[in-house]
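Student: Could you help me learn to read a protein structure? I would like to take it one feature at a time.

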Amino acid sequence: MTSLRPAADARPAPDPAPGRADRGARARRGAAWWLPASVVVLVATVLVAVTIGPADLSVADVWRSIATHLGLGGALGLEPLGALPDGMVWELRLPRVLTAAAVGAGLAVCGVVMQSLTRNPLADPYLLGLSSGASLGAVLVLVAGLTVLLPVAAFGGAVAALAAALGLAGAIGTITPTRTVLAGLAVSQLAAAATSFVIFWSATGDSYREILSWLMGSVAGATWTSVAITGLAVLVLGTLLASTGSILDAFTFGDTAAAALGVPVARVRWLLLVGVALLTGALVSQSGSIGFVGLILPHAVRLLTGARHRLLLPLSALCGASFLVWADTLARTVFAPREVPVGIVTAAIGAPVFALLLWRGRRVA
Amino acid sequence: MTSDIGTDTSTDTRTAAAGPDADTGSAGLDATRVSWSAEGRLILDGVDVTAPAGAVSGLLGPNGSGKSTLLRVLAGVQPPSAGPTGAARVVFAGTDLLALPRRRRARTLAFVEQEASTDLPVTVLDAVLLGRIPHRSLLAGDSDDDRAAARRALDAVGVAGLADREVTTLSGGERQRVHMARALAQEPALILLDEPTNHLDIAAQLDALRVLRDLAGRGVTVLAALHDLQLAAQHCDHVVLLADGRVVAAGDVRDVLVPEVLDPVYGVRTEVLVHPRTGRPVLTFAPRG
Amino acid sequence: MPRRTPITVPLAVLSALSLAALAGCAQGPDADAAASPTASAGADAVGTAYPLTLDNCGVETTFDASPQRVVTIKSSTTEMLLALGLGDRIVGSAFLDGPVPDSLADAAADAPAVAEPLAEQVPGAEAVLGLEPDLVYAGWESNLTADGAGDRGTLAKLGVATYVSPAACKAPASMPDPLTFDDVFAEIDEVGEIFDASDAAADLVADQRDTLASVAPDDRGLTALWYSSGDDIPYVGAGIGAPQMIMDAVGLENVAGDVHDTWTSFSWEQAIEADPDVIVLVDATWNSAEQKIERLESNPATARMTAVREGRYLTVPFPASEAGVRNVDAVVSLADQLAGLDL
């Protein structure tokens, strides 16, 4: 028997832009290199970013400080740095860079999961009202002056928003991706309105600046506690989410196809959403709602790797980490001595990149 | 080039499909009392369906008769509702499909939907490799076996040359065949298809049905919903005719595709001729009255 | 504890004199007109000649008579009127930044509109108009928008004059760059002129000048950070606003003085690198000095700053940190606190 001739079909297959046609092949060939390369880039990024800042510290000084804290001072015969420069490196810059890396990685992974789960290329980790809920929680405590409760309130707000969104979607009927997105939108708008109201009603004097900084997202206040929280969240939840590559692949053609491939669709969807909410909540509680990372990174990385999640997830995490570290470095040096919240930089970069992706005619996916 | 599906040595597939047996009892699909209702409306009313192993069975019926719903319930994608006469049973080769764990079921049966689309830049090969997911651990990547099975599936439907193309750039017919290849890559013993010949040119339709007949020849049980009665007449051995969620007739195609059965269901006047060479029915239709 | 220079005595004198001086000659130094908006009526006239037309933040404003019903927004303007003995003209106050200073406590107690403000935030236009004012005296330019107390043009058409504290003008042509005490005193004079209380104003200015002159700026070249608000990203006094003006008078060098702005967002890293000798804490109800100290001490990086380790803090209440009648008091207070620190 003969094999079926593709030409038997409607028309001779039009030859699309070569880039798109063999991107898959290219991706497969390069796949082995992407992960190790991005690990190297991330490590280098962290090492370099720590040495950059408005204060006048030489690279050698920075390394001296880190080495002494790591206990290598004696071995390498290094004198510790003075208390102040040492504090700048070890208590300000290093936690900040590490937190930015963790947050970037976590947001990127959550972005991939959300986009695949809702089959919506415009989805991001905050889709289900997570960031609006967190913002509402944060603003309430900021206005009440209970700043110390900020992380808890932000996390609680994110989780409450998710519960509300899923509850609303469930109350309508079976939970479908569309319903989930719409419910999340409703919860988002509600929380955003409440946040605006609280700000308008109670913010006095300069307190709006704090709120604005949180709403835009900033890692300026990162401490080693932030590193611990975000790092742990990314290591535990992020790794779990990043291992769901095959499951997310199964969703490529929709829920029915996934079910037919043996995936327990409803249960998996719940688990993944809860995982994303917990991870996003933890990240947002430390850094505020930094935008565009979760939205843009998955698309950018897909351009390199194609749609296979097994590579897309870890690579997005690594690229997200590097990206946010660089964005934060810009945020604290470009306008020195002033500092802008990193969310402004990610938006400034993210929006044109998004437009560029659209303009070049590539599928935004 | 021969298509080699079915001779792969993966475990767990088609243990009972050796020896095509026209008697549905032991090797084919035997579903009873399948019902499904939504929002108070009864879409399927206690449907009994059989599909013999080693044959291509057609599921026929006008729009709205419940064909898609029936296939989805049989595939385990939609749970059946409690029927008026008792709980549904879907047995295949002696195994209760509805009671199987999902992954095992996915290794036994494959389901090709009517419309499955994506916006993502998935390549054809990647799309077909999805069919291997039930066969490997969720944490593992593709093995060589997986890739070999995918290639075989691509060859069988004739889209091997498109392996590196993105699915979104294909024509409707090419996409349909990629979905069929994905199902074939699952190496199922039972394959359910919902209108697999939509979007296809005549030649491609014939090719698709020929693939299904090849599968049947290897002992796979094939049940395909078709809306083109002529295709069914030409290619199916066994047909089930649904109307308004009930089985109106089932059996050999020559027995079911007759005016007495078709006219009331479709609201037309049917004339059946016999093809001189194949002996199969040839149908023509005229409006009623 | 900071000691405030009592101005109750001069205030009593002013009150007594203003009655007699209404038709008398107004004496006192001419306001330095270099940075102040121009007035078309002479400052050395017997009383103010109405109608009086001024350029205020680029908007031409005309006063037909001495305003009798004034709505004040923010502490700076409220206290200005109280200090000039015009508390009885206030029919409504709003958006106050804190309690009035002790020196004005009695005057404030006598002004019911101050004791019970109209609103804690910027009041709406209708609420303001409901008091039938003839002047809305705003401390920030942004108070006078359609969403706030009312758009300036609209209010003018309704016969309500509007006046913004000139130090708060944001337009480059009108913004004082840098703000100096002459600008502050010029505002006092101008307000006096508007209310036909030029004598009171002149006396207040003279008194404040004397007080200011009595403070010798510290000459040890000490550096300071003016920490106004902000947690992750500090908001500090920069090079051309009231904080700089006050620090110059006290003799402190502003570590953020290179930034050409009134206040600016800063970075902790720069603050730590500069390691200021003292930290000036702005005490506001929404962000108190204690909260700032807590923040500085609990963060392991800022805790290492010399000023934090040794508790070298100077405190200034928020209303005194904006241009107004309390700036001189702030200078005195900060100078006293600085002298009290063991440096």
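Tutor: Happy to! Let's begin with a term: buried area is the accessible area, found with a 1.4 Å probe, that two parts lose on being put together, summed over both. Please keep in mind that this is a predicted model.

Student: Why would I care about lost area?

Tutor: The size of an interface is often given as the accessible area lost when the parts come together. Let's try that inside one chain. The domain assignment splits chain C into domain 1, residues 11-211, and domain 2, residues 223-340.

Student: What area is buried between domain 1 of chain C and domain 2 of chain C?

Tutor: About 1800 Å² is buried there, and carbon and sulfur atoms give 66% of that area. On the domain 1 side, Asp97(C), Leu179(C) and Phe181(C) supply 31% of the area buried against domain 2, more than any other three residues.

Student: How many residues of each domain are in contact?

Tutor: In chain C, 28 residues of domain 1 are in contact with 19 residues of domain 2.

Student: And how do I look for charged pairs between them?

Tutor: Look for a side-chain nitrogen of Lys or Arg within 4 Å of a carboxyl oxygen of Asp or Glu. Between domain 1 and domain 2 of chain C, the count is one salt bridge. Find Glu79(C) and Arg326(C) in the picture: they form a salt bridge, with their closest N and O atoms 2.7 Å apart. For polar contacts, the interface of the two domains of chain C has six residue pairs, with both residues at pLDDT 80 or more.

Student: Which elements of domain 1 of chain C give two or more residues to the side that touches domain 2?

Tutor: They are helix H2 (75-83), helix H7 (181-194) and helix H8 (198-214) of chain C. H2(C) gives the largest share, five residues. Sorted by class, this side of domain 1 of chain C has 16 nonpolar, seven polar and five charged residues.

Student: Can I read an interface between two chains in the same way?

Tutor: Yes, let's take chain C with chain A. Here 31 residues of chain C are in contact with 33 residues of chain A. The buried area is about 2800 Å², with 55% from carbon and sulfur atoms. In chain C, Glu269(C), Trp286(C) and Arg304(C) lose the most area to chain A, together 25% of what that side buries.

Student: How many salt bridges are there across the interface of chain C and chain A?

Tutor: There are four salt bridges. Arg304(C), for example, forms a salt bridge with Glu91(A), where the closest N and O atoms are 3.6 Å apart. Chain C and chain A also have six residue pairs in polar contact, both residues being at pLDDT 80 or more.

Student: Which element gives the largest share of the side of chain C that touches chain A?

Tutor: H10(C) does, with five residues. The residues on this side of chain C divide into 13 nonpolar, 11 polar and seven charged.

Student: Now, how do I read a sheet?

Tutor: Strands of a sheet pair through backbone hydrogen bonds, either parallel or antiparallel. In chain B, four strands form an open sheet in the order E2-E1-E4-E5, with antiparallel pairing. Its edge strands are E2 (41-51) and E5 (95-96) of chain B, each of which pairs on one side only. Two bridges join E4(B), residues 89-92, to E5(B). Within this pairing, Phe92(B) has Thr95(B) as its bridge partner.

Student: What about a hairpin?

Tutor: Try E11(B), residues 268-274, and E12(B), residues 281-287, which pair in the antiparallel sense over seven bridges. Leu273(B) stands opposite Val282(B). Six residues lie between these strands, and Gly279(B) in the hairpin takes a positive phi near 75°.

Student: Which residue other than glycine has a positive phi near 50°?

Tutor: Glu195(B) does. Look for Glu195(B) in the loop between strand E7 (190-194) and helix H7 (202-217) of chain B.

Student: And the peptide bond from Tyr50(C) to Pro51(C): cis or trans?

Tutor: That bond is cis, with omega near 0°. Pro51(C) sits in the loop between helix H1 (8-21) and strand E1 (52-56) of chain C. The bond from Asp177(C) to Pro178(C) is cis too, with omega near 0°. You will find Pro178(C) in the loop between strand E6 (161-164) and H7 of chain C.

Notes: Residues are numbered from 1 along each chain as its sequence is written. Chains are lettered from A and ligands numbered from 1 in the order in which they are written. This is a predicted model: local features need pLDDT of at least 70, side-chain atom pairs count only at pLDDT 80 or more; totals for chains, interfaces and linings use all residues. Side-chain values use heavy atoms; hydrogens and water are left out. Domain bounds come from an automatic or database domain assignment. Contact means heavy atoms within 4.5 Å. A polar contact is a pair of N or O atoms within 3.5 Å; within protein, one must be able to donate a hydrogen and the other to accept it, and residues adjacent in sequence count only if both atoms are side-chain atoms. Ala, Val, Leu, Ile, Met, Phe, Trp, Tyr, Cys and Pro count as nonpolar, Asp, Glu, Lys and Arg as charged, and the others, Gly among them, as polar. Two strands pair if DSSP finds at least two bridges between them.
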